[in-house]
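Colleague: Please take a close look at the charged side-chain pairs of this model, and set out how they sit within the chains and at the interface.

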Amino acid sequence: MALKVLAPLAGAIVGLADVPDPVFADALVGPGVAIEPAADSVEVGAPIAGVLVKVKPHAFVVVADSGRGVLVHLGIDTVKLGGEGFEVLHGEGDAVAAGDPIVRWQPTAIRSAGLSAICPVVALDATSVEDIAAGGVSRGDPLFTWV
Amino acid sequence: MPVRHVAVAGAEGLHARPAALFVKAATDAGIAVTIGKVGSDGHADARSILAVLALDVRHGDEVVLRADGDDADAALDRLAALLGEPDA
């Protein structure tokens, strides 16, 4: 059954192959798409409904009832920031609805720190995804479909 | 079934980048490989990035790798070496 994955934040669509990190660009983590956040995209929402199986300040994974998991990774190499500048709004194990705010951050602060603020959104262990959005998205817009 | 115990040396444990490299190596081995944390019951499919991320392996955690099939020992040696490497 197809899973509709929503944009966690507003911004410009960037192909995963163009993300400045081979782990994402080579789809080692899975297929998906990335978003270059708008400067005021400070709140990041859950891309699907499910359980927050993993939450770090700079990344989180929501797993649907079907067992499918979607990873949202805020910026590239942002693990180096050690959580500074990120406010986590939920705990691991929490059930969340699609669109529920999960993390607050400042894309502009990430860029000031010399890091990329691009956010890969990845369908973990998926073979492929379809109907990928193009151009720009608002938070909550359809981002891609996991068939 | 061949088994290895490894203490995970990467500073951030098995998070996105090291997890992805581990899963790719496990998948490339072409045989069934599982990974579990010493002291807990779960055995995750080492070829599933979601299963590996959900294990939440931290720096210093000891993990058990199991593999079954042709060249299981060689595959486990490679995977154990990957996990035992501190980050570059």
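Modeller: Glu87(A) is partly exposed in this predicted model, with a relative accessible area of 42%. Its partner in a salt bridge is Arg104(A), and the nitrogen-to-oxygen distance is 3.5 Å. This pair joins distant parts of the chain, since Glu87(A) belongs to strand β8 (residues 87-88) of chain A and Arg104(A) to strand β10 (residues 101-104) of chain A, 17 residues apart. Arg104(A) is likewise partly exposed because its relative accessible area is 34%, which falls between the limits of 20% and 50%. The two residues also belong to a network of salt bridges, in which Glu43(A) and Arg139(A) are linked with Glu87(A) and Arg104(A). Over all chains, the count comes to 13 salt bridges.

Chain B offers a further case. Asp73(B) and Arg4(B) form a salt bridge through their side chains, at 3.2 Å from N to O. Asp73(B) is in helix α3 (residues 72-84) of chain B and Arg4(B) is in strand β1 (residues 3-7) of chain B, so this salt bridge ties together parts that lie 69 residues apart in sequence. The relative accessibility of Asp73(B) is 42%, and the residue therefore counts as partly exposed.

The interface between the chains deserves separate treatment. Here 18 residues of chain A are in contact with 14 residues of chain B. The two chains bury about 1400 Å² between them, and carbon and sulfur atoms account for 65% of that area. Polar contact across the interface involves 6 residue pairs, both members being at pLDDT 80 or more. On the side of chain B that touches chain A, α1 (16-28) and α2 (49-55) of chain B each contribute at least two residues. The largest share, 5 residues, is supplied by α1(B). Sorted by class, this side of chain B comprises 7 nonpolar, 5 charged and 2 polar residues.

Which charged pairs cross between the chains? The rule finds 3 salt bridges across the interface of chain B and chain A. One of them joins the side chains of Asp56(B) and Lys54(A), at 2.7 Å from N to O. Another is formed by Arg17(B) and Asp21(A), whose closest N and O atoms are 3.3 Å apart. This second pair runs from helix α1 of chain B, which holds Arg17(B), to the loop between β2 and α1 of chain A, which holds Asp21(A).

The two ends of the Arg17(B) and Asp21(A) pair can be set side by side. Arg17(B) is partly exposed, with a relative accessible area of 32%. Asp21(A) is buried because its relative accessible area of 6% lies under the 20% limit. The loop that contains Asp21(A) connects β2 (11-15) with α1 (22-25) of chain A. Apart from neighbours within four places in sequence, Asp21(A) is in contact with Ile76(A), Asp77(A) and Arg17(B). The side chain of Asp21(A) also reaches the backbone nitrogen of Val23(A), at 2.9 Å. Along chain A, Asp21(A) and Met1(A) are 20 residues apart, and their C-alpha atoms are separated by 31 Å.

Strand β2 of chain A also has a place in an open sheet of 8 strands, with antiparallel pairing and the order β9-β5-β6-β7-β11-β3-β2-β12 (chain A). The edge strands, β9 (95-96) and β12 (136-137) of chain A, each pair on one side only.

Note on methods. Residues numbered from 1 in each chain as written. Chains lettered and ligands numbered in written order. Predicted model: local features only at pLDDT ≥ 70, side-chain atom pairs only at ≥ 80, totals over all residues. Heavy atoms only, no water. Contact = heavy atoms within 4.5 Å. Buried area = accessible area lost by both parts, 1.4 Å probe. Salt bridge = Lys/Arg side-chain N within 4 Å of Asp/Glu carboxyl O. Polar contact = N/O pair within 3.5 Å; in protein donor to acceptor, adjacent residues only side chain to side chain. Helix = DSSP H or I, 4+ residues; strand = E, 2+ residues; numbered from the N terminus. Nonpolar A, V, L, I, M, F, W, Y, C, P; charged D, E, K, R; others polar. Pairing = 2+ DSSP bridges. Buried < 20%, exposed > 50% of the residue type's maximum accessible area, 1.4 Å probe, protein only.
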